[in-house]
Amino acid sequence: MDDDLPPDLDRLRTPETWADLYLTRIRARIAAVERQQARPPQAPAPTAAPPSRPAAGPRPARPTGWGIAEAGIGVPATEIHRGDCWASGKKLLPVTAERARAELADGARSCDACRPDRVLNRP
């Protein structure tokens with residue numbers, strides 16, 4: 001068997017870290033493309049001259065709170081995310097801050113992108 005990976009643990013951690021970071025980037029791109037494809041097609045812009053200032057409208061509400069992404073295909077372990085995390089994937093189960101803290105204490109992973117452990121573990 002041709003094995004091109006290093007034999008020692010220290011050097012194996014480097015490709016593991018790289019693969020984890022790259023997988024996070026891939027998941028973010030997938031989520032962005034899915035969001036783009038979920039939008040209805042926009043009507044073509046009118047040919048009239050554009051207004052001097054764009055109209056100010058309401059900003060879309062951002063989800064708040066916390067969520068759990070259960071382990072499954074593409075998610076190796078249960079992860080805790082902020083409600084507005086871009087790396088949370090499609091299925092994020094909303095939970096309270098207390099439940100998120102309890103899940104982190106029970107061994108759930110903290111998302112590497114939104115780092116909810118930094119906020120939830122504060123006294």
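## An aromatic pair on helix α1

Let's start at a residue that is easy to find on the outside: Trp 18 has a relative accessibility of 57%, so it counts as exposed, given that the cut-off for exposed is over 50%. Keep in mind as you look around that this is a predicted model. Tyr 22 has a relative accessible area of 37%, which makes this residue partly exposed.

What separates Trp 18 and Tyr 22 in helix α1? The two are four residues apart in this helix, which spans residues 9–38, and that amounts to about one helical turn. The structure holds one aromatic pair. Trp 18 and Tyr 22 form a stacked pair, because their ring centres lie 5.0 Å apart and their planes meet at 10°; planes under 30 degrees apart count as stacked.

## The chain as a whole

Stepping back, you can count three helices and four strands. Following the sequence from start to end, the order of these elements is α-β-β-β-α-β-α.

The chain has 123 residues, and 20% of them are buried. Its accessible surface is about 10200 Å², with carbon and sulfur atoms supplying 56% of that area. Among contacts with a separation of 6 or more, 53% link residues that are 24 or more positions apart.

## How the strands pair

Strand β1 (residues 66–69) is a good place to enter the strands. β1 pairs with β2 (residues 79–82) in the antiparallel sense, over four bridges. Within that pairing, Trp 66 is the bridge partner of Arg 82, and Ala 69 is the bridge partner of Glu 79. β1 also pairs with β3 (residues 93–95), again antiparallel, over three bridges; here Ile 68 has Leu 93 as its bridge partner.

Which way does β2 run relative to β4 (residues 109–110), parallel or antiparallel? These two strands run parallel and are joined by two bridges. One of the partnerships you can look for is Ile 80 in β2 with Ser 110 in β4.

## Two sides of β1, and the core

In a regular strand, side chains alternate between the two faces of the sheet. In β1, Trp 66 and Ile 68 point one way, while Gly 67 and Ala 69 point the other way. All four of these residues are buried.

Trp 66 and Ile 68 also belong to the largest nonpolar core, which has nine residues. Joining them there are Ile 80, Val 95, Ala 97, Ala 100, Leu 104, Ala 108 and Leu 120. β1 and α2 (97–105) are the elements that give two or more residues to this core, and α2 gives the most, with three. Ala 97 shows how parts of the core meet: beyond residues up to four places away in sequence, this alanine touches Trp 66 and Leu 120.

## Glu 79, a buried acid

Is Glu 79, in strand β2, buried or exposed? With a relative accessible area of 9%, Glu 79 counts as buried, since the cut-off is under 20%.

What does the side chain of Glu 79 make polar contacts with? One such contact goes to the side chain of His 81, at 3.1 Å, and another to the side chain of Arg 109, at 3.2 Å. Setting aside neighbours within four places in sequence, Glu 79 is in contact with Gly 67, Ile 68, Ala 69 and Arg 109. Ala 69 in that list is also the bridge partner of Glu 79.

Conventions: Residues numbered from 1 in each chain as written. Predicted model: local features only at pLDDT ≥ 70, side-chain atom pairs only at ≥ 80, totals over all residues. Heavy atoms only, no water. Pairing = 2+ DSSP bridges. Core = buried A, V, L, I, M, F, W, Y, C linked by side-chain atoms within 4.5 Å. Buried < 20%, exposed > 50% of the residue type's maximum accessible area, 1.4 Å probe, protein only. Contact = heavy atoms within 4.5 Å. Phe/Tyr/Trp six-rings, centres within 6.5 Å; stacked < 30°, edge-to-face > 60°. Polar contact = N/O pair within 3.5 Å; in protein donor to acceptor, adjacent residues only side chain to side chain. Areas by Shrake-Rupley, 256 points an atom, 1.4 Å probe, with all protein chains shown as cover.
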